[in-house]
Amino acid sequence: GFTHFFWLKTVLYAREQEQPAKSYIWLFDEPGVYLHPDGQHDLLKVLETLSSTNQVVYSTHSIFMLDKNHPSRHRLILKDADGTRIESKPYAGRWEPARQALGLNLPGTILFASKVLLVEGDSDPIYMNAILQKTIESGLREFDINPVSILGTGDGRNAEAIARILQESQPRPRIAALFDGDKGGKERMALFLPYAKNHDIECKALTPDGTVLEAVLPLQASFLEAVARYIAKVGDHDVSQTLEQVREAYEKRPEDDLRDIAKWSRHVGVNLGLVEKPVSPVGIAREYVALLDEVPADRIRQELDASPLKELVDWIVRALELPGLILDQADILAR
């Protein structure tokens, strides 16, 4: 692995010295071969550094060479009975098309993560991955999330059990934990804090004033549309009519539902008679992330810049000690 990495770096440097140019087009076939997952993360930074002044294209069968910082750059090449086709959004549904094509399960990468963010529910990892990625894509901040895995824990006791398992590995990953700001989240955080303080794990309430993550998501209109889209999908209804009903219900929602918008979103379909049982928060989260991909980067930047999530992202970067996106020449030589 070291030989391959060193050879690649040396050849790139030598070719640039031999044939000076303002920029190059670099084409790589499986550049991550022979490298440990951490080494592939390092290689992604080298390629990112090159791309600041050059055009870089590479092919890969490694899930560790998927750049979570810039998912829209990827194209998935598939061949089936109908021939070869190109999937332009392999990152949809938490990289579901890519995972199916590679025959891999993305949560398995938790085994190789050097940075682990523990959250509560199953939908929180979907939202937080999207928020971190959109922060990078919009240019609001620069940091690397390729070494990061975000894992839902359920409650404080589960969080401690998972943290213990992670800390038994060598080298130990850097761990931070987020909890909802509602009553249940505060109780779970209180359960986890004694262990966290003894093991250098930073903890934070996800949102202030008793709210949950869904209450402070950027583009709340997109969240309502995501709720409507998923209800329409589950209940086989027209999306436009469902969205109109959901918006009206949102305007008339009880005061108690103001903070726990997550609970409201799960039950509004039942209350409207559109579905028979509460819908999945994971389904809503996936619809929301898909809608975010349709929003221009400038609009995302404005929303995030004015959101309390901006401070939360800053905390995550600090607590997990996330590195920058690129390596300078000295860092490349050091590796």
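**Close-ups of a predicted model**

**View 1. One helical turn separates Arg229 and Glu225, because the two sit four residues apart in helix α7 (residues 220–235).** What you have here is a predicted model. Their side chains meet in a salt bridge, with 3.4 Å from N to O. Are the two partners buried, exposed or partly exposed? Arg229 comes out as partly exposed, at a relative accessible area of 23%, and Glu225 is partly exposed too, with 23%. Elsewhere, salt bridges with shared partners link Arg174, Asp200, Glu202 and Arg318 into one network, and View 3 picks up a pair from that group.

**View 2. Arg188 and Glu120 pair up in a salt bridge.** The closest N and O atoms are 2.5 Å apart. Arg188 belongs to helix α6 (residues 183–198), while Glu120 sits in the loop between β5 (115–119) and α4 (124–137), so this pair ties together parts that are 68 residues apart in sequence. Glu120 counts as buried, at 5% relative accessibility. As background, side chains of opposite charge can pair when their charged atoms come close. The structure holds 15 salt bridges in total.

**View 3. Arg174 reaches Asp200 through a salt bridge.** Here the closest N and O atoms are 2.8 Å apart. Which parts of the chain does this pair tie together? Arg174 is in strand β7 (residues 174–179) and Asp200 is in the loop between α6 and β8 (202–205), so the parts joined are 26 residues apart in sequence. The two ends have different surroundings: Arg174 counts as buried at 17% relative accessibility, whereas Asp200 counts as exposed at 52%.

**View 4. Asp200 and Glu321 are two non-glycine residues with a positive phi.** For Asp200, phi is about 55 degrees; this is a residue of the loop between α6 and β8. Glu321 also has a phi of about 55 degrees, and its place is in the loop between α12 (309–319) and α13 (329–334). Asp200 is exposed, with a relative accessible area of 52%. Glu321 counts as partly exposed at 48%, because exposed means over 50%.

**View 5. Gln167 is tucked in at helix α5 (residues 156–167) and counts as buried.** Its relative accessible area is 10%. What does the side chain of Gln167 reach at 3.4 Å? The partner is the backbone oxygen of His199. Leaving out residues up to four places away in sequence, Gln167 touches Arg172, Ile175, Tyr195, His199 and Ile201.

**View 6. Leu117 and Ile316 touch the most other members of the largest nonpolar core.** That core has 58 residues. Setting aside residues up to four places away in sequence, Ile316 touches Leu117, Met128, Leu132, Leu178, Glu321 and Leu322. Glu321 appears in View 4 as well, where the loop between α12 and α13 is its place. There is also a second, separate core of 15 residues, with Leu118, Ile175, Ala177 and Cys203 among them. Ile175 was met in View 5 as a contact of Gln167. For context, in soluble globular proteins, nonpolar side chains tend to be buried together.

**View 7. Ile25, Leu27 and Val57 make a nonpolar patch on the surface.** Together they have about 330 Å² of accessible area. Leu27 lies in strand β1 (residues 25–29). Is Leu27 buried or exposed? Leu27 is exposed, at a relative accessible area of 65%.

**View 8. Ala232 is a buried residue of helix α7.** At 3% relative accessibility, Ala232 counts as buried, because the cut-off is under 20%. Not counting neighbours within four places in sequence, Ala232 is in contact with His237, Asp238, Val239 and Thr242. How far is the C-alpha atom of Ala232 from that of Leu274? The separation is 7.9 Å, for residues 42 apart along the chain.

**View 9. Pulling back, the chain has 13 helices and eight strands.** Of its 335 residues, 47% count as buried. The chain exposes about 17600 Å², and carbon and sulfur atoms supply 50% of that. Among contacts with a separation of 6 or more, 72% come from residues 24 or more positions apart.

Technical notes
Residues numbered from 1 in each chain as written. Predicted model: local features only at pLDDT ≥ 70, side-chain atom pairs only at ≥ 80, totals over all residues. Heavy atoms only, no water. Patch = residues over 30% accessible without salt bridge, like charges linked within 9 Å, V, L, I, M, F, W, Y side chains within 5 Å. Areas by Shrake-Rupley, 256 points an atom, 1.4 Å probe, with all protein chains shown as cover. Salt bridge = Lys/Arg side-chain N within 4 Å of Asp/Glu carboxyl O. Buried < 20%, exposed > 50% of the residue type's maximum accessible area, 1.4 Å probe, protein only. Core = buried A, V, L, I, M, F, W, Y, C linked by side-chain atoms within 4.5 Å. Contact = heavy atoms within 4.5 Å. Polar contact = N/O pair within 3.5 Å; in protein donor to acceptor, adjacent residues only side chain to side chain.
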